[in-house]
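Hello! Here are a few notes to read alongside the structure, starting with the core and then turning to a helix and a pocket.

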Amino acid sequence: SYDDVLNKQREIIYEQRRIVLDELDVHEQIKAMIKEVVARVCDPYLNSKADYTQWDYDAFNKELESAVLPKGTAFISEEFVESHDDRDSFIEAVAEEAERVFEERIEKFKNDGIPVDQLERDVLLRAVDNRWTEHISSMEELRQGISLVAYGQRDPVLVYRKEGFEMFDEMVENIQRDVVKIIMKIEINVRQQTAQTQPDAGMQTVER
């Protein structure tokens with residue numbers, strides 16, 4: 001049934017929340033998300049039929065910098081491509097640079113007295129909850145749309161399941177992108193920081 005599809009998705013997303021709340025290694029989860037985001041930015045270029053000398057390097061670097069790297073990094077060049085000529089080594093090298101920046105930022109937060117474990121959990125949970133709320137609304141719109149369309153021999157519930165899980169996959173990608181962008185761009189103004197200060201006090205996301 002329609003409800004079975006949404007309930008299955010709810011089980012998946014609630015399990016993700018439980019993992020976060022149980023304080024399993026959120027830091028490592030975010031590092032894995034960084035690699036996923038890097039791969040999604042890089043793949044359209046790596047899969048392009050255009051020769052790498054014809055790539056728009058400015059656009060490529062701006063996409064990476066918007067998602068995972070500090071503004072002005074200009075990490076990708078023809079020389080870089082020549083020395084990383086297969087997909088896996090290319091993505092691994094970019095992800096390693098993004099992870100290095102991530103670890104530096106986390107170390108700085110720690111030195112500023114920011115409770116980073118709580119910060120990482122809060123960022124992840126907020127992204128999950130925001131995107132899940134949007135997804136529920138989108139699934140209801142999909143359900144209403146399917147009820148208005150004659151699908152002939154196609155089972156409307158099967159159509160709902162197929163399209164709904166495609167939307168679910170897109171939601172997961174959006175969660176990963178949101179988490180990575182926030183954690184890589186966030187600036188925390190430390191104002192009379194104490195051990196009890198909440199990490200979202202004086203916290204803002206800026207382009208870096």
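1. The largest nonpolar core has 59 residues. Those with the most contacts inside this core are V38, F60, L64, V68, I76 and F90. Please keep in mind as you look that this is a predicted model.

2. Where does this core come from? Two or more residues each are given by α1 (2-21), α2, α3, α4 (78-83), α5 (87-111), α6 (116-147), α7 and β1 (186-188). The largest share, 11 residues, is supplied by α6. As general background, nonpolar side chains in soluble globular proteins tend to be buried together.

3. Next, a quick check on helix α7, residues 156-185. With 30 residues at 1.5 Å a residue, α7 should span 44 Å, and its end C-alpha atoms are 42 Å apart, which agrees. At the N-terminal end of α7, D155 acts as the cap: a side-chain oxygen of D155 lies 2.9 Å from the backbone nitrogen of V157.

4. You may also like to view the largest pocket, which has a volume of about 170 Å³. Its lining is made up of V37, R40, V41, E63, S66, A67, E170, E173, N174, R177 and K181. By character, six of the lining residues are charged, three nonpolar and two polar.

5. Which helix supplies the largest share of that lining? The answer is α7, with five residues. At least two lining residues each come from α2 (26-46), α3 (57-67) and α7. These three helices also appear among the elements that give two or more residues to the largest nonpolar core.

Note on methods: Residues are numbered from 1 along each chain as its sequence is written. This is a predicted model: local features need pLDDT of at least 70, side-chain atom pairs count only at pLDDT 80 or more; totals for chains, interfaces and linings use all residues. Side-chain values use heavy atoms; hydrogens and water are left out. Helices (H or I, at least four residues) and strands (E, at least two) are DSSP runs, numbered from the N terminus. The expected span of a helix is 1.5 Å times one less than its number of residues. A polar contact is a pair of N or O atoms within 3.5 Å; within protein, one must be able to donate a hydrogen and the other to accept it, and residues adjacent in sequence count only if both atoms are side-chain atoms. On a 1 Å grid over the protein atoms alone, a cavity is a set of points where a 1.4 Å probe fits but cannot get out, and a pocket is an open set with protein on both sides within 12 Å along at least five of seven lines; lining residues have an atom within 4 Å of a point. Grid points are joined across faces, edges and corners, and a volume is the space filled by probe spheres set on the points. Ala, Val, Leu, Ile, Met, Phe, Trp, Tyr, Cys and Pro count as nonpolar, Asp, Glu, Lys and Arg as charged, and the others, Gly among them, as polar. A nonpolar core is a set of buried Ala, Val, Leu, Ile, Met, Phe, Trp, Tyr and Cys residues joined through side-chain atoms within 4.5 Å. Buried means under 20% relative accessible area, exposed over 50%, partly exposed in between (1.4 Å probe, protein chains only).
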